[in-house]
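Open the model in your viewer and keep the selection panel at hand. The stops below go from one helix to its surroundings.

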Amino acid sequence: MSPSHPTRAALTPPPATPRWRRALAPATAAAVALSALGLAAAPAPAEAGARARPPDAVQTALEDLVGTGGFPGALASTRDRGGRVRDYTAGVADLATRAKVPRNGKVRIGSTTKTFLATLVLQLAGEGKIDLDAPVETHLPGLIRANGNDGRRFTVRQALQHTAGLPDYEHDLLGSWQSWTQARHRYFEPRDVLDVGLTRQPAFAPGTGWAYSNTGYIALGLLVQKITGRPLGEEITNRIITPLRLRDTYWPGVGEQNIRGPHPKGYRAKANEPGAELAEVTQLDPSWAWAAGQMISTPRDVNRFLGALLDGRLLKPDLLQQMKQTIAAPGFPKGWSYGLGLMKIELSCGGHAWAHGGDISGYEVRNGATEDGRAATVAVTAMPYTKPAADQVNAALDTALCAERQEAPQRSKPSGGKGGKRPGHKFDRQVI
């Protein structure tokens, strides 16, 4: 295990009562990012008559995440309606060596894993192996029975949509730097994680409220394994990753703590106070996230997955439509709502995107795809612990999805496109 490299952060560390979602940023030169992109620099003075390229809004947004948000590094990939892909980077991949962020580098994608799992559950429903409106108890008899939590009282659909009322395990397992440090290199069986969640009473009676629950997705992962008789990671690989040729996406093996291939290092604040040290936390055992957030991928692969999902390549039309039936999600940003493992987010340029962000120690990912073919994924290499920082990451995603639409009137032909704020106060986050 490589030693952690602490540095002073412009971020406020984790709140005492977490929930997750959002963004932050440090400082880095534009020339590096432009070079990594392969974009032309502004013309030299000798190039009389040459016209300067207008600033790239996505590149600027990433540099702002580093320059004013306090994130060590940021990376993104966009795909336009014509299928053209652009990759972006800003900041550094390693605070110790100052190495550049790799283009389309691998990152832990946290709760974006939930959309992969939800897709798999809906595939099994389409095959007649799961009844979405049957109690979870039907497939997992006697498993969820503790402190008022009862698998006979909530359905598979409610678990997918976070309306089952199951309490979340995240705070009890990872709520402080000390508890996170104790869990970092420990392997957890899925049942162990589920049992942590079930030590608390339900948040509400099933179907009467909404509350983000990683515990519910651990239960869904166990349900898939019970029905298929195979490991969850194998099913996601065989049914989604391999058919879509997501070559840089994988389910970490048992005990696997490193990230394969080129990747920026991930960082985490060590204390709950402004200016706390950032520790390098890339290496960890993600088994505590498992079905709720274990996967590793790249911005390009996430875009490809979301595009294939919306194109109907993974689900039958009626099941995709059910996945997209959203309800209000209290605590999420204005204009966001939640379906079956899929979020609907409003865009500043009009319309909406389908998405599912992810937060896990060291990384935050925000993504989205539109029904007209645009897609974007933005990742930063630390989790934001203030609302302004989180909002800045969300705004970067909005910029990446709206850049093509906003620039379209200036183009003669649609050949394809691309697709803050300093930390201030603490806020509730919803992670994994």
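Start with helix 3, which is mostly covered: of its 15 residues, 14 are buried. The model is a predicted one, so treat each stop as a computed description.

Select residues 112–126, the extent of helix 3, and check the length. With 1.5 Å for each residue, the 15 residues of helix 3 should span 21 Å, and the end C-alpha atoms lie 22 Å apart, which agrees.

Next, move just past the end of helix 3 and pick Gly 128. Gly 128 has a positive phi of about 80°.

Now add helix 9, residues 232–241, to the selection. Two packed helices are described by the angle between their axes and the distance between the axes. At what angle do the axes of helix 3 and helix 9 cross? The crossing is at roughly 80°, and the axes come within 10 Å. Helix 3 is therefore roughly perpendicular to helix 9, as angles of 65 to 115 degrees count as such.

To display the contact, show side chains on both helices. From helix 3, select Phe 116, Leu 117, Thr 119, Leu 120, Gln 123 and Leu 124. From helix 9, select Leu 232, Glu 235, Ile 236, Arg 239, Ile 240 and Ile 241. Coloured by class, this contact shows eight nonpolar, two polar and two charged residues.

Last, go to Asn 214, which is in helix 8 (residues 214–228). Is Asn 214 buried or exposed? Asn 214 counts as buried because its relative accessibility is 0%. Its side chain makes a polar contact of 2.6 Å with the side chain of Lys 114.

Terms used:
Residues numbered from 1 in each chain as written. Predicted model: local features only at pLDDT ≥ 70, side-chain atom pairs only at ≥ 80, totals over all residues. Heavy atoms only, no water. Axes fitted to C-alpha atoms, helices over the stretch in contact; angles between N-to-C directions. Helix = DSSP H or I, 4+ residues; strand = E, 2+ residues; numbered from the N terminus. Parallel < 35°, antiparallel > 145°, perpendicular 65-115°, else oblique. Contact = heavy atoms within 4.5 Å. Nonpolar A, V, L, I, M, F, W, Y, C, P; charged D, E, K, R; others polar. Expected span 1.5 Å × (residues − 1). Buried < 20%, exposed > 50% of the residue type's maximum accessible area, 1.4 Å probe, protein only. Polar contact = N/O pair within 3.5 Å; in protein donor to acceptor, adjacent residues only side chain to side chain.
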